[in-house]
Amino acid sequence: MSRFLDEGSPSDTEAARLVRRVATELGYVRDVSAANLRRGSTGTIGVIVPRLTDTVMAMLYESLAHAAAQSGRFTIVATTNDDPVANQRAAEMLMARGVDGLVLATTRTGDGLAERLAAQGVRFVLALRTDGVHPSSVGDDRLGGYLATRHLIDLGHSRIGVVAGPSDASSAAGRVEGYRAAMDEAGLSVRPEWVVPSSFSLEAGNLAARELMTLADRPTALFAINDNTALGALSALAQQGLSVPGDISVVGYNDIPLVSHLPTPLTTVRTPFGQIAATAMELLTQADTPGAPAVRRATPSLIPRQSTRRL
């Protein structure tokens, strides 16, 4: 009987017309998801992010939802607190619910999830972070880190500290690499104590900035690996009675909405979330295309504001 009610290929026999008339009289509503499952498609994309309380991940998810909607698809999100076991479980649960593919924003070096999904034949793409091997849509983090550092160098700073983020996240590692490239290009040395590992949180930014400010020859400028850590750093600097940019210049990364509305608006590097999301959806549809580039990088841009000044 289901084939008589299938709007994709309706039968026009007398029996089919009778079934449809009776279904209408009984108030029958067709189960679209079940029909899609039979065809091998549900029109849904599963998205896995560490957390939605992180503005960066919330912005990415909204951009992915918008990009999916442009092709008539719907997104479902799972949060995992950046826990590798939870990431695996979320992938399994989303696939069990029949999603057409996965977007992972949780990739860490050596976590093995992408390899396992590929071995199982799961259609997926990595977003914001990449392992350099599997289909990925990311920002050009090395370029972004270079732009942030070059801006500070051009303002006369040579002692530049970094709230470096976690080294096993490609986004953080790329930005630190860009920082080092800019310093090297300018003939400036990088002291090991100027590069402070952290997480992506406000608290981590606060602690890292405190550590940097205890140095005997402390930096005159800070590059924070994302805006969250920059906000934490700004808090620490204020608690220590230091003014921004009077005593120290600060640059963040991502350009979340809040940072342009601070009492001292934050200089930052803008991540093109919309472009990254649109490319991620493209890559999902090209997963089986021979020769398709594994990693696609969107170009970030420096947004100068009042948190940086000439030394």
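**Briefing: loops, cores and an open sheet**

Asp 82 sits in the loop between strand 2 (74-79) and helix 4 (84-96). The model is predicted. In it, Asp 82 has a positive phi of about 60° although the residue is not a glycine. The protein chain as a whole has ten helices and twelve strands, and 51% of its 311 residues count as buried.

**Whole chain**

- The accessible surface of the protein chain is about 14,400 Å², and carbon and sulfur atoms account for 54% of this area.
- Among contacts in the protein chain with a separation of 6 or more, 71% are between residues 24 or more positions apart.

**Backbone exceptions**

- Most residues other than glycine have a negative phi, and most peptide bonds are trans.
- Asp 82, with its positive phi of about 60°, is counted as buried because its relative accessible area of 16% is below the 20% limit.
- Asp 255 also has a positive phi, near 60°, and is not a glycine.
- Asp 255 belongs to the loop between strand 9 and strand 10, and its relative accessibility of 12% makes it a buried residue.
- The peptide bond between Val 244 and Pro 245 is cis, with omega at about 10°.
- Pro 245 of this bond is located in the loop between helix 9 and strand 9.

**Nonpolar cores**

- In soluble globular proteins, nonpolar side chains tend to be buried together.
- The largest nonpolar core of this model holds 45 residues, and Leu 60, Leu 64, Val 103, Leu 222, Leu 237, Val 250 and Met 281 have the most contacts inside it.
- Elements that supply two or more residues to this core include the helices 3 (55-70), 8 (202-213), 9 (227-239) and 10 (273-285).
- Strand 1 (44-49), strand 4 (124-127) and strand 8 (221-224) also give two or more residues each.
- A second core, separate from this one, has 21 residues, among them Ile 153, Tyr 179, Met 183 and Phe 223.
- Leu 60, in the largest core, touches Ala 105, Ala 127, Leu 128, Phe 273 and Ile 276, leaving aside residues up to four places away in sequence.

**Val 250**

- Val 250 is part of strand 9 and is buried at 0% relative accessibility.
- With residues up to four places away in sequence left out, Val 250 touches Leu 222, Ala 230, Leu 234, Leu 237, Val 244, Leu 266, Thr 267, Ser 307 and Thr 308.
- One of these contacts, Leu 234, is 16 residues from Val 250 along the chain, and the two C-alpha atoms are 7.9 Å apart.
- Another contact of Val 250 is Val 244, which is joined to Pro 245 by the cis peptide bond.

**The four-stranded sheet**

- Strands of a sheet pair through backbone hydrogen bonds, either parallel or antiparallel.
- Here four strands make an open sheet with parallel pairing, in the order 7-6-8-9.
- Strand 7 (195-196) and strand 9 (249-251) are the edge strands, each of which pairs on one side only.
- Two bridges in the parallel sense link strand 6 (residues 160-163) to strand 7, and Val 162 has Val 195 in strand 7 as its bridge partner.
- Helix 7 (residues 170-185) packs on the sheet and touches strands 6, 7 and 8; the angle between its direction and that of strand 6 is about 170°.
- Helix 8 also lies across strands 6, 7 and 8, at about 155° to strand 6.

**Aromatic pair**

- A pair of aromatic rings is described by the distance of the centres and the angle of the planes.
- The count for this model is one aromatic pair.
- Phe 223 and Tyr 253 form a tilted pair, with 6.5 Å from centre to centre and 45° between the planes.
- Phe 223 is in strand 8 and Tyr 253 is in the loop between strand 9 and strand 10 (268-270), so the pair ties together parts 30 residues apart in sequence.
- Both Phe 223 and Tyr 253 are buried.

**Asp 141**

- Asp 141 is in helix 6 (residues 141-154).
- Because its relative accessible area is 7%, under the 20% limit, Asp 141 is classed as buried.
- Asp 141 touches Leu 128, Ser 170, Ser 171, Gly 174, Arg 175 and Tyr 253, again without residues up to four places away in sequence.
- Of these contacts, Tyr 253 is also a member of the aromatic pair, and Leu 128 is also touched by Leu 60.

Note on methods:
Residues are numbered from 1 along each chain as its sequence is written. This is a predicted model: local features need pLDDT of at least 70, side-chain atom pairs count only at pLDDT 80 or more; totals for chains, interfaces and linings use all residues. Side-chain values use heavy atoms; hydrogens and water are left out. A nonpolar core is a set of buried Ala, Val, Leu, Ile, Met, Phe, Trp, Tyr and Cys residues joined through side-chain atoms within 4.5 Å. Buried means under 20% relative accessible area, exposed over 50%, partly exposed in between (1.4 Å probe, protein chains only). Contact means heavy atoms within 4.5 Å. Two strands pair if DSSP finds at least two bridges between them. Axes are lines fitted to C-alpha atoms, for helices over the stretch in contact, and angles run from 0 to 180 degrees between N-to-C directions. Accessible areas come from the Shrake-Rupley method with a 1.4 Å probe; for residues, only the protein chains shown count as cover. Rings of Phe, Tyr and Trp (its six-membered ring) pair if their centres lie within 6.5 Å; planes under 30 degrees apart count as stacked, over 60 as edge-to-face and the rest as tilted.
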